[in-house]
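Colleague: I am new to this structure and would like a close look at a single part of it. Please take the sheet, and then what lies against it.

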Amino acid sequence: MARFHIVIPAAGIGNRMETAIPKQYLPISGKPMISYSIQTFFASPRIASIHLALSPEDYFWRNLDLAANSRLQLHYTGGETRAQTVLNTLYAMKSQVDVDDWILVHDAARPGLTLALLDTLLDSLENDAVGGLLALPLADTLKQSNADDRVKTTIPRDGLWQAQTPQMFRYRLLTNALENFDGVPTDEAQAIEALGFEPKLVTGSLRNMKVTYPQDMALMELFIQKEIV
């Protein structure tokens with residue numbers, strides 16, 4: 001039976017947060033942001049291993065007060081892009097996984113992932129031929145701008161989704177997709193799509209938002225403190 005493994009690329013510095021430390025280490029309700037999703041994976045007996053991909057210059061992780069767990073492994077495999085970081089980590093864990101095992105890639109800056117949402121993803125995709133990702137159907141009207149920041153056109157939102165993570169694909173397929181992508185994919189699903197596959201969209205949650213800007217921190221604090229799902 002195929003197993004489930006987590007890869008968390010955490011080698012970025014989060015320039016848009018304008019902070020002195022990488023955003024994944026910023027505190028939310030007294031705990032580093034990155035610790036929330038890791039604890040969610042710790043809580044799932046279905047997860048075989050968790051692989052954290054750090055920058056070789058990361059000096060923050062060692063200062064975290066995070067409970068030890070034998071399933072967590074550190075890899076100083078950070079690359080120039082997120083895609084390269086993920087691929088480097090897939091290479092590093094090659095001897096520990098089977099080619100048909102599932103790899104779930106999760107953003108370090110998505111602390112709102114819940115165990116229930118994780119189980120929904122696993123249940124939806126564990127027998128899927130391709131794999132897929134958590135995502136939200138778009139609710140807002142989309143506008144495309146011109147060079148002067150004026151509306152050029154309105155884009156119909158029918159069938160449009162906002163991608164989230166985890167994104168879940170089998171080890172062999174994901175490795176092949178990242179190795180052969182022409183350019184830099186914005187996420188793992190785009191690399192899979194380039195091979196001609198159609199990843200499945202699994203409805204996610206607003207709580208599973210990516211913390212990108214300073215104002216996102218206050219909203220995530222609310223989600224966590226009020227236990228909003």
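In what order do the strands of the open sheet stand, and how many strands form it?

Modeller: The model is a predicted one. Its open sheet has 7 strands, in the order 5-4-1-6-10-7-11, and the pairing is mixed. At the edges stand strand 5 (72-75) and strand 11 (200-203); each has a single partner strand, so one side of each is left without a neighbour in the sheet. On average, neighbouring strands of this sheet are turned by 25 degrees against each other, direction ignored.

Strand 5 can be followed inward from its edge. Strand 4 and strand 5 run parallel and are joined by 4 bridges. One residue pair to look for is histidine 51 with its bridge partner in strand 5, glutamine 73.

Helices lie against the sheet. Helix 1 packs on the sheet and touches strand 1, strand 4 and strand 5, and the direction of helix 1 makes about 160 degrees with that of strand 4. Helix 4 (residues 171-180) also packs on the sheet, touching strand 6 and strand 10 (161-170); the direction of helix 4 makes about 120 degrees with that of strand 10.

Helix 4 has a helix partner as well. The axes of helix 2 (residues 82-92) and helix 4 come within 10 Å and cross at roughly 135 degrees. That angle makes helix 2 oblique to helix 4. The contact is made on the helix 2 side by Ala83, Val86, Leu87, Leu90 and Tyr91, and on the helix 4 side by Tyr171, Leu174, Thr175, Leu178 and Glu179. Helix 2 passes helix 4 in a left-handed crossing.

The sheet and its helices also appear in the nonpolar packing. The largest nonpolar core has 27 residues, and those touching the most other members are Ile8, Ile34, Ile50, Leu52, Trp61, Leu104 and Met168. Two or more residues each come from strand 1 (4-10), helix 1 (33-42), strand 4 (47-54), strand 6 (102-105) and helix 3 (115-125). Helix 3 gives the largest share of this core, 5 residues. Another core, of 22 residues, lies apart from it and includes Val86, Leu87, Val97 and Leu178. Val86, Leu87 and Leu178 were met above in the contact of helix 2 with helix 4.

One further strand pair can be added. Strand 8 (residues 142-145) and strand 9 (residues 151-155) run antiparallel, joined by 4 bridges. They form a hairpin with 5 residues between them, and aspartate 149 in the turn has a positive phi of about 60 degrees. Here glutamine 144 has threonine 153 of strand 9 as its bridge partner.

Terms used: Residues are numbered from 1 along each chain as its sequence is written. This is a predicted model: local features need pLDDT of at least 70, side-chain atom pairs count only at pLDDT 80 or more; totals for chains, interfaces and linings use all residues. Side-chain values use heavy atoms; hydrogens and water are left out. A nonpolar core is a set of buried Ala, Val, Leu, Ile, Met, Phe, Trp, Tyr and Cys residues joined through side-chain atoms within 4.5 Å. Buried means under 20% relative accessible area, exposed over 50%, partly exposed in between (1.4 Å probe, protein chains only). Two strands pair if DSSP finds at least two bridges between them. Axes are lines fitted to C-alpha atoms, for helices over the stretch in contact, and angles run from 0 to 180 degrees between N-to-C directions. Contact means heavy atoms within 4.5 Å. Angles under 35 degrees count as roughly parallel, over 145 as roughly antiparallel, 65 to 115 as roughly perpendicular and the rest as oblique. A crossing is left-handed if the near helix is turned anticlockwise from the far one by less than a right angle, and right-handed if clockwise.
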